[in-house]
Amino acid sequence: MRILFAPLQGYTTGIYRKAHAEIFGGVDAYYAPFLRIENGKPREKDLRDLNSFDGNAREIPQIIANSVDEFKILANALIAKGYTEIDFNMGCPFPMQVNRHRGAGLLSDIQAVQEIMDEIKATPVKFSVKMRLGQDSPDEAFAILPILNEAPLSQITLHPRLGKQQYKGAIDFKSFEKFHEECRHPLIYNGDITSVSQICEMERRYPKLAGVMIGRGLLARPSLAAEYKGMRDINCAAPLNSDTHQNLLGKLFQMHQVIFDHACKTYQGDSQILSHVQSFWEYLEPSIPKKIFKKIKKAGKLSEYQEAITAMKELS
Ligand SMILES: Cc1cc2nc3c(=O)[nH]c(=O)nc-3n(C[C@H](O)[C@H](O)[C@H](O)COP(=O)(O)O)c2cc1C
């Protein structure tokens, strides 16, 4: 099965995606966080963060739009950059987007979805969709599924929660199964995957599944995709000085160095640099000593942050 790295605004930045592909690998495609409209134009900061990289992995940009007009502006900007595959976001639950009728807020607007799918038919690049079951009810996904089935989509990724649940609460497997049966496009499952055994279980339960997309599980355990490809579970709870943990930590330090160097070159002042490097550790909390995690989080100066990293290296 294909393993796709989910987009996470503020975490899976361009440099993170590139470093992950080079150091951990195992991922078939990296989805970039959404590009959006700002003051009537594609947001420059989002465009700058797109950096097609070589190698076996691919980077797929994503757009978020509330109408066919916004959709065209964003898709054209990416086509002009040379991208031949674009993902369309119909799942973002952030109130800022939902209230503006974007992301999960678009799912209930059958007419806007139809207009966007018509535009996809007329645009000569590949499009995929990443969506939820609805903002308020799973009925929303099933109401637009016939329209999606008619559109020339390369795949649909479904996160089987509602927008109002954000990222917590029960996953609706019953609706996922129904969607899996009725969807005519290759289907990707997304949501709460954290281990190789869970990936294998999804494969067993849904033989038609084209892949899984993993977000927080990969941030917490960057080796997960490579573990699946090599069919072995690394014991993350192993003692700090065990071979597997050493290997994992070694790669984490390597990846961190690339992100740290990039932040120092790109941003100015301790607080800007720190905000970019501290997020690297956020989901890694279970894999590093508690005291060090606290030090990293609390660091207000770059020197304090570096002391915490040095202490962690000495401990390992
Ligand atoms: C902080 C954060 C930022 C996210 N940004 C995006 C985004 O830009 N585009 C998108 O499609 N999904 C975004 N997501 C959703 C994830 O891609 C993914 O669907 C969600 O985390 C569930 O998958 P997981 O349980 O494997 O993490 C974001 C999620 C979080 C927590």
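A polar contact is a pair of N or O atoms within 3.5 Å. The model to which this cut-off is applied below is a predicted one.

**Exercise 1. The ligand and its polar partners**

Work out which residues come nearest to the ligand, and find the distance between a polar side-chain atom of Gln-62 and an oxygen atom of the ligand.

*Solution.* Begin with the surroundings: there are 19 residues around the ligand, and those that come nearest are Pro-7, Gln-62, Asn-190, Asp-192 and Arg-216. Next, take Gln-62, where a polar side-chain atom lies 2.8 Å from an oxygen atom of the ligand; because the cut-off for a polar contact is 3.5 Å, this pair falls within it. Then turn to the nitrogen atoms of the ligand: a backbone N or O atom of Gln-9 lies 3.0 Å from a nitrogen atom of the ligand, while an N or O atom in the side chain of Tyr-167 is 3.3 Å from a ligand nitrogen atom. As for the surface of the ligand, it exposes 620 Å² when taken alone, and the protein buries 93% of that. Finally, the space that the ligand takes up is the second largest pocket.

**Exercise 2. Glu-70 in its helix**

Decide whether Glu-70 is buried or exposed, and state which backbone nitrogen its side chain reaches.

*Solution.* First locate the residue: Glu-70 belongs to helix α3, which covers residues 68-80. The relative accessible area of Glu-70 is 12%, and since buried means under 20%, Glu-70 is buried. Its side chain reaches the backbone nitrogen of Asn-66 at a distance of 3.1 Å. When residues up to four places away in sequence are not counted, Glu-70 touches Ile-37, Ile-64, Ala-65 and Arg-102.

For a second residue in this helix, consider Lys-72, which also lies in α3. Lys-72 has a relative accessibility of 35% and therefore counts as partly exposed. In space, the C-alpha atoms of Lys-72 and Ala-170 are 35 Å apart, and in sequence the two residues are separated by 98 places.

**Exercise 3. Gln-97 and its contacts**

Find the helix that holds Gln-97, and list the residues with which Gln-97 is in contact beyond its neighbours within four places in sequence.

*Solution.* Gln-97 lies in helix α4, made up of residues 95-98. At a relative accessible area of 6%, Gln-97 is buried, because that value is under 20%. Leaving aside the neighbours within four places in sequence, the residues in contact with Gln-97 are Phe-34, Arg-36, Ile-64, Cys-92 and Arg-102.

**Exercise 4. Positive phi angles**

Determine where in the chain His-101 and Asp-192 are found, and what their phi angles are near.

*Solution.* The background for this step is that most residues other than glycine have a negative phi. For His-101, phi is near 75 degrees, which is a positive value in a residue other than glycine. This residue is found in the loop between α4 and α5, and with a relative accessibility of 31% His-101 counts as partly exposed. For Asp-192, phi is near 65 degrees, again a positive value in a residue other than glycine. Asp-192 is found in the loop between β9 (187-190) and α8, and its relative accessible area of 35% makes it partly exposed. Asp-192 was also met in Exercise 1, as one of the residues that come nearest to the ligand.

**Exercise 5. Packing around two helices**

Name the elements against which the buried residues of α6 pack, and then describe the surroundings of Val-277.

*Solution.* Helix α6 runs over residues 139-150, and its buried residues are Glu-140, Ala-141, Phe-142, Ile-144, Leu-145, Ile-147, Leu-148 and Asn-149. These buried residues pack against the strands β6 (85-90), β7 (126-134) and β8 (153-162), and against the helices α5 (110-122) and α7 (173-182).

Val-277, in turn, has its place in helix α12, residues 270-282. The relative accessible area of Val-277 is 0%, and so this residue is buried. Not counting residues up to four places away in sequence, Val-277 touches Ile-259, Phe-260, Ala-263 and Tyr-305. The C-alpha atoms of Val-277 and Ile-296 are 9.4 Å apart in space, and the two residues are 19 residues apart in sequence.

Key
Residues numbered from 1 in each chain as written. Predicted model: local features only at pLDDT ≥ 70, side-chain atom pairs only at ≥ 80, totals over all residues. Heavy atoms only, no water. Helix = DSSP H or I, 4+ residues; strand = E, 2+ residues; numbered from the N terminus. Buried < 20%, exposed > 50% of the residue type's maximum accessible area, 1.4 Å probe, protein only. Polar contact = N/O pair within 3.5 Å; in protein donor to acceptor, adjacent residues only side chain to side chain. Contact = heavy atoms within 4.5 Å. Near = heavy atom within 4 Å. Areas by Shrake-Rupley, 256 points an atom, 1.4 Å probe, with all protein chains shown as cover. 1 Å grid on protein atoms, 1.4 Å probe; cavity = no way out; pocket = protein on both sides within 12 Å on 5 of 7 lines; lining within 4 Å. Sits in = over half its atoms within 2 Å of the grid points.
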